[in-house]
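Let's take a walk through this model together, beginning with its open space and ending with a few unusual backbone angles.

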Amino acid sequence: MRSLRHSSRCVMLLCAAVIGLPAVSPSCKGDRGADSALTSPNRQAERYRMVDQYILPRGIKDPAVIDAVRRVPRHRFVPARYSLFAYIDGPLPIGHNQTISQPSLVAEMTEQLKLKKTDKVLEIGTGSGYQAAILAELADRVLTIEIVEPLARQAEQTLAELGYKNIRVRIGDGYRGWPEEAPFDAIIVTAAPDHVPQPLLDQLAVGGRLILPVGRDVQTLELHRRTAEGVERKRLTLVRFVPLVRQEEAEK
Ligand code: SAH
């Protein structure tokens, strides 16, 4: 047990060295977002470096999206034992077999939504709350639905601690959308259904955009735009998300 722990610490230290982080091991206190691992409590320098290393090279150009990624403290959304890796461009476990998405993919999906400060946005798959925070930096209001109750509660707490007042978290099956709050200027789905949920298309305002991964193992990222005549669809790239589960499956 001891040597296992020791070796995993060594791997972390090695990774830290490779990506140029201070060589300290992460805190394992079990509290979220502990800053103790690193010298700067806010870790802004790491976010700037992440933007330079991963976000700009991916072709993200919207200055508002870039600013949002520089502002939102991703380390506060990951369990403390992964805190050291918060500014590497990869997904990380958040418990309940779910992950926080890769930052460059969060940025790309957000950019595709072309958000305005007046927009009302729906997110399906709150997870850690990180994507919701990015959206909240750019839009007027964000409503987000999570099917795993403890994740929803944890995300709500993190977002409250960070002072976000324009985000509402709901527990439930996001396949059905949030009809009482429709229409939405933008909808983002961060878990993959095997087809486009019709309720989400129905809840788009005219001019509204829906971005989501569609498929089973590897998915295609699709962008839908509601027009006065119908819906336009664009296929963007291949991605990999956790599956969107339906309420009946979640209750089994
Ligand atoms: N956006 C998240 C990452 C999402 S991971 C973040 O920024 O951290 C996908 C999330 O979708 C998981 O938390 C999973 O529990 C949730 N999910 C899966 N099916 C769902 C459904 N039908 N409705 C709402 N949430 C769902």
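How many nonpolar, polar and charged residues does the lining of the largest pocket have? By class there are 18 nonpolar, 13 polar and five charged residues, where Ala, Val, Leu, Ile, Met, Phe, Trp, Tyr, Cys and Pro count as nonpolar, Asp, Glu, Lys and Arg as charged, and the others, Gly among them, as polar. Please keep in mind that the model is predicted: local features need pLDDT of at least 70 and side-chain atom pairs pLDDT 80 or more, while totals for chains, interfaces and linings use all residues. Residues are numbered from 1 along each chain as its sequence is written, and side-chain values use heavy atoms, leaving out hydrogens and water.

The largest pocket (an open set of points on a 1 Å grid over the protein atoms alone, where a 1.4 Å probe fits, with protein on both sides within 12 Å along at least five of seven lines; lining residues have an atom within 4 Å of a point) has a volume of about 590 Å³. Its 36 lining residues include Gln98, Thr99, Thr190, Ala191 and Val242, which lie nearest the centre. Strand S2 (98-100) gives the most to this lining, with three residues; strands are DSSP runs of E, at least two residues, numbered from the N terminus.

Now for the backbone. His96, in the loop between strand S1 (92-95) and S2, has a positive phi of about 55°. Asn97 is found in the loop between S1 and S2 too, with phi near 60°. Asn97 is exposed (over 50% relative accessible area, 1.4 Å probe, protein chains only), at 75%. Finally, the peptide bond from Ala182 to Pro183 is cis, with omega near 5°.

Key. Points joined across faces, edges and corners; volume = space filled by probe spheres on them. Helix = DSSP H or I, 4+ residues; strand = E, 2+ residues; numbered from the N terminus. Buried < 20%, exposed > 50% of the residue type's maximum accessible area, 1.4 Å probe, protein only.
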